[in-house]
Amino acid sequence: MRVKEIEIFEVIVPVNIEAVYSEEYLTGPYSAPEEKPPFYEIPKYIFKVYTSDGLVGFGESLRGISIESVREGVRGLKGVEIDDLNLNDLPINEDLYIGLEAAIFDIVGKQHGMPVYKLLGGAYRKSVYVNFWTHRRTPEDLAKRAIIAKNKGFDGIKIKCKLGDPMVERAKAVEEAVGPDFYLILDPNERFYNPAETIKLMRKLERFNILLLESPVPQWNLDWYALLRRKLDVPIAIHVSQMSPRAKGKYQVIEAIKKEAIDYLNISGGLVEFVKLAAIAEAAGIQVWHGSGVDLGILDASYVHAAAATPNCTLPSDIVGNFIREDDLIKEPLKFEGGRVKVPDKPGLGVELDEKALEKYTVQKIDI
């Protein structure tokens, strides 16, 4: 069975801005979002991969990939014999790997009549623990989002933040709105800048329910992370991303374990890479969760399969794109209930592309 044809669609699916930021962080004195352009305006690419046996696999790229690299990668995959394919040898560049890998797994799962999690070794759970998510907010707005999250059955909310934000006021507002058992995950994207400022701030937050602190300071300095673990009671995590070379991600995890720099690990990336990196963490007794790039339904489905097939993926994962986007481009949305998402059990990824939605949000169809 060969890859016969690949269709590529450049899409931009708008978000509900109110579900992402407080208005003050867009136009007011707090400063606008730092992404230029903001993440929700950066295109994604949807792939339909056709085989010589009549199967179709669906894939979705990460954001920020150039059209030239997409064309080049797709040309390299066309004509490949899927039955003899070693995924480690896919003739595509790193940035594109995750999207076409999902499509190949979708095809092979459909070919053998089994869901992707079985191709990864089998499921450890039928539903995956997830968190609610938001970007930077005023304390009042964050409390409102926390109420929405709790009413939907979530145990906590992950928030983007940076040094200088009203962190104590945020934590207090959430506690008053939904109670002390509702947790916060703080994700400053390295914007607490240094250990001294981080320790000073986290000491002020000690009495609140902070589940973990992710990537507070620059990740190139794992000695700083080891220091923070010694000084703070809150668990510390780093984020290893597929957008870095795969080998770099592997060695960063190993180095963090050797330096005793982390309690937990956030892993973003494709199906194979997630399982590999999580296995390294498991050997060291470290729990992980699945990161994301606030994605659409196809990638989110692949994340659910990978998380289900990973024994130590027990922390709330960032499968959150559906909370804020107008559409996820799949016919039947992933099913969320009680702060968990059900693992699809149909062959392949278990989701089907919504052709009408694809047409609506397509910016252009890419010629190879």
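At the start of helix H7 in this predicted model, a side-chain oxygen of Asn194 comes to within 3.1 Å of the backbone nitrogen of Ala196. The helix itself runs over residues 195-204, and its buried residues are Pro195, Thr198, Ile199, Leu201 and Met202. As for what sits over those buried positions, the cover includes helix H6, strand S7 (183-187), strand S8 (210-214) and helix H8 (222-231). Met202 turns up again in the largest nonpolar core, where it is listed with the residues that touch the most other members.

H6, one of the elements that cover H7, is a 12-residue helix spanning residues 167-178. From first C-alpha to last it reaches 17 Å, close to the 16 Å expected at 1.5 Å a residue. Met167, Arg170, Ala171, Ala173, Val174 and Val178 are its buried residues. They share one side of H6, because the arc they cover around the axis is only 160°. The general geometry of helices helps here: an α-helix has 3.6 residues a turn, so residues three or four places apart point the same way. Just past the end of H6 comes Gly179, with a positive phi of about 95°.

Arg170 may catch the eye in that list of buried H6 residues. Its relative accessible area is just 1%, so Arg170 counts as buried, the cut-off being under 20%. What does the Arg170 side chain make a polar contact with? The partner is the side chain of Asp165, at 3.2 Å. Setting aside residues up to four places away in sequence, Arg170 also has a wider circle of contacts: Tyr25, Arg136, Arg137, Pro139, Leu142, Ile159, Lys160 and Cys161 are among the residues touched.

Arg136 and Arg137 come up once more around Ser22, which is in contact with both of them as well as with Thr138 and Asp141, leaving aside neighbours within four places in sequence. Ser22 belongs to the loop between strand S1 and helix H1 (24-27). Despite that loop position, Ser22 is buried, with 0% relative accessibility. A polar atom of the Ser22 side chain lies 3.0 Å from the backbone nitrogen of Thr138.

On the strand side, S1 (residues 3-11) pairs with strand S2 in the antiparallel sense over 8 bridges, and Ile6 stands opposite Val49 in S2. S2 takes in residues 44-51 and is mostly covered, with 7 of its 8 residues buried. S2 also pairs with strand S3 (residues 56-60), again antiparallel, this time over 5 bridges. In that pairing Tyr50 stands opposite Val56. S2 and S3 make a hairpin with 4 residues between them, and Gly54 in the turn has a positive phi of about 90°.

Ile46 ties this part of the fold to the core. In the largest nonpolar core, which has 115 residues, Ile46, Phe47, Leu186, Met202, Leu265 and Leu329 touch the most other members. Helix H3 (residues 94-112) supplies the largest share of this core, at 9 residues. Apart from that core lies another one, of 8 residues, with Tyr183, Ile185, Ala237 and Leu315 among them. This fits a broad tendency: in soluble globular proteins, nonpolar side chains tend to be buried together. Ile46 itself, not counting residues up to four places away in sequence, touches Glu7, Ile8, Phe9 and Val11, together with Gly59 and Glu60, and further along the sequence Leu296, Ile298, Leu329, Leu353 and Leu358.

A separate set of strands forms an open sheet of 3, in the order S4-S13-S12, with antiparallel pairing. Its edges are S4 (127-129) and S12 (336-337), each of which pairs on one side only. S4 and S13 (residues 340-342) are joined over 3 bridges, with Ser127 standing opposite Lys342 in S13.

Finally, Lys118 sits in helix H4 (residues 116-119). With a relative accessible area of 48%, Lys118 is partly exposed. How far apart are Lys118 and Ala308 in sequence and in space? They are 190 residues apart in sequence, and their C-alpha atoms are 9.7 Å apart in space.

Terms used:
Residues numbered from 1 in each chain as written. Predicted model: local features only at pLDDT ≥ 70, side-chain atom pairs only at ≥ 80, totals over all residues. Heavy atoms only, no water. Helix = DSSP H or I, 4+ residues; strand = E, 2+ residues; numbered from the N terminus. Expected span 1.5 Å × (residues − 1). Buried < 20%, exposed > 50% of the residue type's maximum accessible area, 1.4 Å probe, protein only. Arc of directions from axis to C-beta. Polar contact = N/O pair within 3.5 Å; in protein donor to acceptor, adjacent residues only side chain to side chain. Contact = heavy atoms within 4.5 Å. Pairing = 2+ DSSP bridges. Core = buried A, V, L, I, M, F, W, Y, C linked by side-chain atoms within 4.5 Å.
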